[in-house]
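Work through the exercises below with the sequence and the model side by side. Try each task before you read its solution.

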Amino acid sequence: SHFRSLHLGRLADMDGSDEEEHWNLPTSPPAPFLGPEASSSEHTVGASMAFPATGAKGALGLSFSGGSGGMTSLSWRDGRFSDWTVQVGEKFYHLHAFLLARASLFFESHMSIAARTEQGNFKGSDLTEVLPTSCHSAFEDALDFMYSENQANFEAPASKALLLLKIADILQISSLFEAMGRRIEAAFEDTAPLLLEQYCRFHIPGTDDGAALRQIRDGAVDLIARKFQPFLTNTEMKTALLRLPARVLVEILDADELLVASEDVVFDFVLSRLQLEEPPESDGQNSDGSSADSDAGEKASPSGRPDCAESDDEEALWDKVRWAFLSSQKFAQALALGKSLLKPEVTLRALTARSIRFDLGGAEAFGSMGYVASLVPRRPILPPGVPPPTSTEIDFCFHYAHSEQYACGEALRSQPKRIGDVVLRVLVFPAGTDTGVARGSLSVFLEAVPQPNWPRDWEFANIRYGIACIRWPSGSGETWAAKKKSDLWTFKANRLDRGWHDFLAPGEIHRYLGPDGFVCIRGSLEQECLGRAFLLNQGSHTGYSGGVGDAAGSSASRRSWVPRSHPEQQ
């Protein structure tokens, strides 16, 4: 027992002998302590012992009766019995050398050197320059871990997990490094933006932080690209993304696999990044309490965001918006931003990219100017196995995080698509229209988009269309499925759209959510009505109308060409 070991230790100290002490327990249990009036021949010790009767079963009932002295855990907060001082920035911590040396190889080595060199009367360590400034605010969490009697249950906030891993790496606290490694690995899928933001705060460009931290950084960049829009729906994750350095964001936004429903999401994010407002000048600290102007890493600027105020960073971010695939509404918003946010050279590149895509001769005219790369669309969001849309189909995808994300009557629209002469787009109300339909219904329509060159009395009669909501496979071996509805409708100026207010009943939308929370809608025109998708579909004639003896056409790329003689000349 603990009491027995303490007793033997005291005997050894008193005796001064190096020989092993032996203590033979009595063969019969001692009588219980009866107080000062009891016989002096009875055994008395500082702890009461109740021995079971001979042959009886059960454990020894031992209890310490010496009070609670020595049972209170030492704390780094009150400084009791402290013998080692640690300075971190402007703060001083009065700590305990034994606990520090036991947990950290850094402190053990520092204390050993101090003991050999006898550096005056001061016993302590200055970590101000040892730890990155961004890690200073997490040092107290590291102390909580080192002083904890139950380190297995230690919990660190996600906003400090990587900072603590960095502290553990520098101070060589193996148990903290392993604990934070498990914490990061378990929550990596959900907290990658926070981890990457912490990494960028202490990382110095051009330096190597080690294989473990580099692996976390690269893995976070890849995961953010693959889950970009879902992360944006989480306020904490979006804030972390907005604080990333511009060069890291450029790397993320450059990915073809960037998971976004449309390029409008990228535009809104870049605009928010460049429109961040100046925070109130209070204590000059970051949100975690660290200094805002002394961090050596890829730090935030005084405006509360990483250093992207320079024009090169702004242009680099704007150039990652694939302007050719931006909606007309967002592009008009971009042109109205003015020179302060969108410089003339960026506007010129944006206009050129759209000309290449929408002008029938654009790719040929601008192909030599290096803009073709911007015409590559993002990877479409479709369930596995679903074929890409044909020339008569329109795909629209939107993110659905929860039922309160959209207001009743709030509309979303796809990019318009020309099929014949008619221009159509998918119109979706994720929370239902405000026409009395049950809240939570999914309302979907096909909408005509009038064009300036159409006559005033334009009409596309008897168009048979279809709308499908595609369901993702729910398990291995299962294939995709779709709920489809079709109808016949005449689109005209006063009858622009047609569809269903209750395409999906309230709550039914969750059956069609993908693993990342996206819903895929596909509108289509049936092939049987393609002839009616033209405004001028009559009076035309086909076939060769020249004279009987006229020569047949030829390819302009033929190198050798010999005129054919007319039949009457042969």
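The exercises that follow deal with the whole chain, with one helix and with aromatic rings.

This is a predicted model, in which local features need pLDDT of at least 70 and side-chain atom pairs count only at pLDDT 80 or more, while totals for chains, interfaces and linings use all residues. Residues are numbered from 1 along each chain as its sequence is written, and side-chain values use heavy atoms, with hydrogens and water left out.

**Exercise 1.** Describe the chain as a whole.

Step one is the secondary structure: the chain has 15 helices and 14 strands, where helices (H or I, at least four residues) and strands (E, at least two) are DSSP runs numbered from the N terminus. Step two is burial: of the 570 residues, 39% are buried, and buried means under 20% relative accessible area, with over 50% called exposed and the range in between partly exposed (1.4 Å probe, protein chains only). Step three is contacts, that is, heavy atoms within 4.5 Å: among those between residues at least 6 apart in sequence, 67% join residues at least 24 apart.

**Exercise 2.** Examine the length and the packing of helix H7.

Begin with the length: H7 covers residues 211-226, which is 16 residues, and its first and last C-alpha lie 23 Å apart, close to the expected 22 Å; the expected span is 1.5 Å times one less than the number of residues. Next, look for its buried residues, which include Leu-213, Ile-216, Arg-217 and Ala-220. Finally, see what the buried residues of H7 pack against; among these partners are helix H5 (161-171) and helix H6 (174-202).

**Exercise 3.** Classify two aromatic pairs and place them in the chain.

The rule comes first: rings of Phe, Tyr and Trp (its six-membered ring) pair if their centres lie within 6.5 Å, and planes under 30 degrees apart count as stacked, over 60 as edge-to-face and the rest as tilted. This rule gives 20 aromatic pairs. The rings of Phe-267 and Trp-318 have centres 5.7 Å apart and planes at 35°, so this pair is tilted. Phe-267 belongs to helix H11 and Trp-318 to helix H12, 51 residues apart. Phe-267 counts as buried at 0% relative accessibility, and Trp-318 counts as buried at 1%. For Tyr-465 and Phe-491, the centres are 6.3 Å apart and the planes are at 65°, so this pair is edge-to-face. Tyr-465 lies in strand S11 and Phe-491 in strand S12, 26 residues apart.
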